[in-house]
Every structure is written in C-alpha cells, then in structure tokens.
Amino acid sequence: MILDPLSPGRDIPAPLLADITALFASNREFHRLSGDFPDPDDVRPEQVAAKLAEELAVPGAEVLLARAERGRLVGLAATLAHHPDPADPDPWIGLLLVDAAEHGKGHGRTLVELVENRFRTQGGRSAVRLAVLDNNPKALAFWTALGYETIGHRPDRALGRPCAVLRKALDGTPRTPREAARIAVVAPDGAVFLFRYDNDEIGAHWALPGGGLHPGEGPREGAVRELAEETGWTDLDPGPLLCTWEHDFTRMGIPVRQHEHVYVARGPRRDPAGRLTAAHAADGILSGRWWTRRELAEETEPVWPPGLGRLLDTWEA
C-alpha cells in the first residue's frame with residue numbers, strides 16, 4: 001500500500017473523484033452515524049468534492065489516498081499537522097475510511113501504520129490523536145486494538161457531536177515489510193489443514209502452511225516450497241488465488257508487517273510426512289490438524305486469514 005496526497009487548491013479529475021465518491025458511498029453505515037451527508041444512500045461527487053476541499057482548507061491538513069496493487073484505491077485518511085486548539089500539541093487523524101468491500105483484509109491497520117510512520121518521519125511528534133463518535137463502538141474497538149487509549153470526552157468542533165478522544169504514543173519502531181505465501185489445502189470433505197503457531201506478540205493462533213518468500217521468489221513458487229518444507233506434501237499445485245492480506249507479528253525479535261498471497265488447492269486428507277521437527281521448531285509450529293468448516297465458523301482460537309471459512313465457501317460457490 002502507498003499513500004498518494006491530494007493536491008490542495010486543484011480540481012480533482014473526474015475519474016479520480018468518481019473513485020473517491022465510490023469509496024465514501026461504500027461506508028454508508030458510518031455516514032448514518034456521522035451525519036456528514038444529507039442522504040448516506042446517495043453520496044454524490046459534488047458533496048465529496050466539497051468535503052475534501054473543506055478538509056484541505058485547514059492549515060497543515062492532508063488528504064492521503066491509500067492505493068493497493070496496480071494503483072487501486074482502497075482507503076483514504078485526512079490528517080492535521082496540528083489541531084486547531086493550541087492547547088492540543090499532537091497531530092490528528094481526522095478521518096479514515098476503507099472501502100467497505102475490503103473490510104477485514106487488514107487495509108485499515110496498514111493505512112493507520114503508514115499515517116503513523118508519516119508523522120514519525122516529520123520529527124518532533126511524540127503522539128497522535130483522533131476522535132471517535134460515541135455512537136460508533138465498532139470504530140472505538142478498531143482504534144483501541146491498535147493501541148490507542150481514551151484520554152477524554154468532548155463534543156467535536158464541527159457539529160458538537162459527543163466524542164471520545166484517543167491518543168497513541170509514537171515511540172514505536174516502524175515494522176519491517178515481509179512478503180509471504182500460503183496454501184489452503186482442502187480435503188474432499190471440505191476440511192482444511194492448519195498449523196498452530198505461537199508468537200511473542202500475538203500469542204497462539206492457527207494458520208495455513210506457508211511462510212516468507214526467498215529473494216527473487218514469486219508467491220506461487222514460494223507457496224509450493226513452503227508447503228513441502230512444512231508438510232512433506234510435494235504432489236499439490238496451488239490453484240487460484242484465494243485472497244491477499246496483511247498482518248503484524250514479531251519474527252525473531254523484529255516487528256514485521258507481512259503481506260501474504262493465499263492460494264487454494266484440493267488434496268487428500270492425510271498427515272504431514274517426513275522429518276519435519278526441525279522446520280516446525282524454527283517456525284514456531286506447535287501442532288497441526290484438519291479443521292472442519294463448522295470449526296472454522298466457530299474459531300475457538302484466532303485463525304489466519306480471518307474469515308477463512310467464508311473465503312473457502314465463496315471459492316467453492
């Protein structure tokens with residue numbers, strides 16, 4: 001993901017405005033809570049253009065477009081270098097939107113970290129703040145999961161809406177990007193094979209066979225190699241790409257932001273074979289087993305990628 005700042009004082013080209021309008025329109029649930037648009041079900045380009053112009057009119061403001069592969073627009077963030085209240089010393093995230101069709105894929109987390117790193121590189125920034133509407137518990141859960149803490153409550157400056165004010169210190173180390181690939185091996189009965197991992201940062205969780213790519217290695221090639229190294233299965237070829245997603249964890253003491261390509265393949269229901277103890281120990285693998293679709297739906301422990309059962313149901317359909 002890259003951040004592409006909008007230029008203040010210039011008209012937004014019509015194709016770009018259409019993309020941004022679609023991004024805003026996809027978040028109608030949020031707009032019903034915020035009241036930012038007269039009709040959340042009918043967000044129009046001229047309304048979006050006016051809102052962006054209003055954001056950029058504030059000194060020190062930026063509107064950052066978040067683009068994924070091939071320049072696809074997946075999110076937007078509006079920031080303030082300094083809050084208008086001189087008693088508030090920290091920069092602010094005024095708005096953060098992710099295309100509703102992309103929710104649950106890690107884009108929001110990635111966008112937040114890129115914004116935080118942008119503030120870090122500017123120097124003299126010890127923390128960042130934002131406000132969450134009191135009537136939006138989902139947003140509050142999202143931000144607190146990323147380390148933001150509620151420091152107070154007050155009405156917002158624009159419309160006097162009740163808000164919680166959150167703050168996060170910016171003394172953390174930026175994460176190292178890492179490319180990886182995995183394969184969902186699906187048995188004839190629909191079960192999928194998962195390994196149970198342990199990690200110092202995020203604890204115990206279940207994930208598909210796979211791992212980091214070697215230099216110059218493509219994701220499909222890397223997925224096949226990792227599958228063979230971790231299971232001993234060398235007779236399966238990855239089929240279609242099931243999804244891509246990003247997540248954070250600590251690897252060998254280094255905070256990592258991992259971008260994964262997840263493929264899917266059909267195969268027999270069997271146990272891993274070969275001498276795998278050393279490979280599993282090096283990767284932090286505790287155990288492995290087949291999961292039914294019902295177990296995936298219940299997810300008694302975290303499963304990566306999130307919503308794996310739903311993704312597989314969609315693939316089969």
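The legends below describe an overall view and several close-up views of one predicted protein model.

Residues are numbered from 1 along each chain as its sequence is written, and side-chain values use heavy atoms, with hydrogens and water left out. Because the model is predicted, local features need pLDDT of at least 70 and side-chain atom pairs count only at pLDDT 80 or more, while totals for chains, interfaces and linings use all residues.

**Figure 1. The whole protein, with 9 helices and 15 strands.** Helices (H or I, at least four residues) and strands (E, at least two) are DSSP runs, numbered from the N terminus. The C-alpha atoms fill a box of roughly 65 × 40 × 35 Å, taken along the principal axes. The radius of gyration is 22 Å, which agrees with the value near 20 Å for a compact globule of 317 residues; this radius is taken over C-alpha atoms, and the globule rule is 2.2 Å times the number of residues to the power 0.38. Of the 317 residues, 45% count as buried, where buried means under 20% relative accessible area, exposed over 50%, and partly exposed in between (1.4 Å probe, protein chains only). Contact means heavy atoms within 4.5 Å; among contacts between residues at least 6 apart in sequence, 64% join residues at least 24 apart.

**Figure 2. Strand β2 (residues 61-67) and its two partners, β1 and β3.** Two strands pair if DSSP finds at least two bridges between them. Strand β1 (residues 2-5) runs antiparallel to β2 and is joined to β2 by 4 bridges. One of the residues to locate here is Pro-5, whose bridge partner in β2 is Leu-64. With strand β3 (residues 73-80), β2 pairs in the antiparallel sense over 7 bridges; Ala-66 has Gly-75 in β3 as its bridge partner. Because 6 of its 7 residues are buried, β2 is largely enclosed by the rest of the structure.

**Figure 3. His-259 in strand β13 (residues 254-266).** The relative accessibility of His-259 is 19%, so His-259 counts as buried. Not counting residues up to four places away in sequence, His-259 touches Arg-178, Glu-179 and Ala-180, as well as Thr-244, Trp-245 and Glu-246.

**Figure 4. The cis peptide bond between Trp-304 and Pro-305.** Omega for this bond is about -10 degrees. Pro-305 lies in the loop that runs between β15 (303-304) and α9 (308-316).
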